[in-house]
Amino acid sequence: MSEKSQFGTKLGVIAATVGSAIGLGNVWRFPAETQANGGAAFLLLYVACVFLLGIPVMLAEFSLGRGGRSDAIGVFKKLSPERPWWLVGALGVLASYLIICFYMVVAGWTLEYLVESISGGLYDAVDAGEESLRAAFTSKMSEYVGDDLRPIFFTYALIALNIGVLLGGVQKGIEKLSNVLMPVLFVILVALCCVTLTLPGAGEGVRFFLSPDFTKITPSVVVQALGQALFSLSIGMGILITYSSYYPSTTKLTRTSVIVALLSLLVAILVGLIIFPAVKSFGLDNEPLRGATLVFVTLPEVFARMPLPALWSTLFFVLLLVAALTSTVSIAEVSVAMLQDRFKMRRRKAVLTTMLPLFVFSALCSLSFGSLSSFTIFGYTIFDLLDMVTSDIILPISSIALCIYMGWFAPKGFLSGELSNKGELHSRWTRPVMFIIRYLAPILIAMILISNCI
Ligand code: PHE
């Protein structure tokens, strides 16, 4: 097998990892949960969860990947060959593959909305008059998403884009893509923020977002913030292990994890500063901001009420597409790396073996909103079932197992060796990180699992 690939630059390491972390979790899950759970109170809780739980668990994955220099299954086989710990990695690979099946569909919608924003088709509804805008965008959404063929076409386009990037390899594909797209994402975010913050009445939206209502914090809100922190940092999916296996041996893991977490938080805050002032300004804040409806109905309604709707809408959907694309590439890479390392496949064959079945699986997920909407398993459509099984069950289990392995069973001194780059750096963080990974993280994540199951 050829030499293990590596990211070429420090910037590439950060851009690729941040690219994975910033996804639909930041753009639509975060604002919806913030609105429902006390504005800034939820934000503070989320920040605490990111630092207390997210960064340590991230460091566990980084150490495994960089120290084991293999795919998500291979690292366990290398470090503990005599025990079946590789099953923990296998769970991450399974989760990542199930997630990509439905995430690709949503990524396809973002491309569909981008095309409709550029062509102006989305804003035909503006002619319908102010009162019926909501109804108009809601029916647009069912038209765009509920059709059988159109969303499948856009999902296929996204799969093809992913194949193109993945075939380029780690440096020329993933790293290059992230280096170009991450700055684009930040520029668009800041531009949109400037626009929405100057809307009339924007201040009140900012106030809601930044002034805490602690009465809304209940144990179940804490569990939600924990879950959001894990999902948003791409934990438990094998992604961080896979990407960190491409980190050079000089990469400072602690610093990288803090930068990635801070940038992901910054994006969530900027998104909040776009969404809350905008919905407040147009009086759209009286109903719950629900994930898909927020981005595909509420925001188009906001844009329609502003001058130059097609421009803002195009910028926003480019942003969403960038967030989705860098995340889909990272999650697909988990299986690609696994096939390369475990089955000694060449990259090309590994990419095609991972991606071609998605033309069937993702199409089935897409049809969950069309012809297969009444086909349910345990009361869930295929799309919802995959979403529920992965987010609520597999991800928490794989994260707990990962912490137990790192905390109790990994070779002695392994974590401190990685955090200190084999003794070259002085790492003050090993002890607190180890404490969290051993005790706190498994208990907190078990709470998420239990609350998801009852
Ligand atoms: N952090 C990502 C997000 O917020 C999680 C994710 C990564 C999901 C990759 C799917 C694929 O969306």
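Which residues are linked with Glu418 in a network of salt bridges? Select Arg66, Glu418 and Lys422: these three are linked in that network. Keep in mind throughout that this is a predicted model.

**Stop 1: the network around Glu418**

Center on Glu418. It sits in helix H18, residues 414-419. Glu418 is buried because its relative accessible area is 3%, under the 20% cut-off. Now add Lys422. The side chains of Glu418 and Lys422 meet in a salt bridge, at 2.9 Å from N to O. Lys422 has 67% relative accessibility and therefore counts as exposed. So this salt bridge joins a buried residue, Glu418, to an exposed one, Lys422. Next show Arg66. Its side chain makes a polar contact with the side chain of Glu418, at 2.7 Å.

**Stop 2: salt bridges between helices**

Widen the view. Over the whole structure, a search finds twelve salt bridges. Two of them are worth a visit for the helices they join.

Select Glu116 and Arg150. They form a salt bridge, and the closest N and O atoms are 3.2 Å apart. Glu116 belongs to helix H5 (residues 86-119) and Arg150 to helix H7 (residues 149-167). The pair links distant parts of the chain, 34 residues apart. Is Glu116 buried or exposed? Glu116 counts as buried, at 13% relative accessibility. Its partner Arg150 is partly exposed, with a relative accessible area of 29%.

Move on to Lys280 and Glu204. Their side chains meet in a salt bridge at 3.7 Å, N to O. Lys280 lies in helix H12 (residues 253-281), and Glu204 lies in helix H9 (residues 202-210). The pair therefore ties together parts that are 76 residues apart in sequence. Color both by accessibility. Lys280 counts as partly exposed at 26%. Glu204 is also partly exposed, with a relative accessible area of 45%.

**Stop 3: the ligand site**

Select the ligand and its surroundings. How many residues surround the ligand? There are 16, and the closest are Ala21, Leu24, Gly25, Tyr103 and Ser232.

Now look at individual atom pairs. Start with Leu24: a backbone N or O atom of this residue lies 3.1 Å from an oxygen atom of the ligand. Go to Ser232. Here a backbone N or O atom lies 2.9 Å from a nitrogen atom of the ligand. Then pick Ser234. A polar atom of its side chain lies 3.3 Å from a ligand nitrogen atom. Switch to a surface view. Taken alone, the ligand exposes 320 Å², and the protein buries 100% of that.

**Stop 4: the cysteines**

Show the cysteine sulfurs. How many disulfides does a search of the whole structure find? The search finds zero. Take Cys49 as one example. It is in no disulfide, and the nearest cysteine sulfur, that of Cys403, is 14 Å away. Cys49 counts as buried at 7% relative accessibility. Then select Cys193 with Cys194. The sulfur of Cys194 is the nearest cysteine sulfur to Cys193, at 6.7 Å, and Cys193 is in no disulfide. That separation is not within 2.5 Å, so the two sulfurs do not count as a disulfide. Cys193 is buried, with a relative accessible area of 5%.

**Stop 5: a nonpolar surface patch**

Return to the surface. Select Ile404, Trp408, Phe409, Phe435 and Tyr439. They form a nonpolar patch with about 510 Å² of accessible area together. Which helices each supply at least two residues of the nonpolar patch? They are helix H17 (382-409) and helix H19 (430-453). H17 gives the most, with three residues. Zoom in on Ile404, which is placed in helix H17. At 31% relative accessibility, Ile404 counts as partly exposed.

**Stop 6: a loop and a long distance**

Finish at Leu356. This residue lies in the loop between helix H15 (347-355) and helix H16 (358-367). Leu356 is partly exposed, with a relative accessible area of 44%. Now draw a distance from its C-alpha atom to that of Leu122. The two atoms are separated by 31 Å. Along the chain, Leu356 and Leu122 are 234 residues apart.

Definitions and conventions
Residues are numbered from 1 along each chain as its sequence is written. This is a predicted model: local features need pLDDT of at least 70, side-chain atom pairs count only at pLDDT 80 or more; totals for chains, interfaces and linings use all residues. Side-chain values use heavy atoms; hydrogens and water are left out. A salt bridge is a side-chain nitrogen of Lys or Arg within 4 Å of a carboxyl oxygen of Asp or Glu. Helices (H or I, at least four residues) and strands (E, at least two) are DSSP runs, numbered from the N terminus. Buried means under 20% relative accessible area, exposed over 50%, partly exposed in between (1.4 Å probe, protein chains only). A residue is near a molecule or strand if one of its heavy atoms lies within 4 Å of it. A polar contact is a pair of N or O atoms within 3.5 Å; within protein, one must be able to donate a hydrogen and the other to accept it, and residues adjacent in sequence count only if both atoms are side-chain atoms. Accessible areas come from the Shrake-Rupley method with a 1.4 Å probe; for residues, only the protein chains shown count as cover. Patches are made of residues with over 30% relative accessible area and no salt bridge: like charges are joined within 9 Å, nonpolar side chains (Val, Leu, Ile, Met, Phe, Trp, Tyr) within 5 Å.
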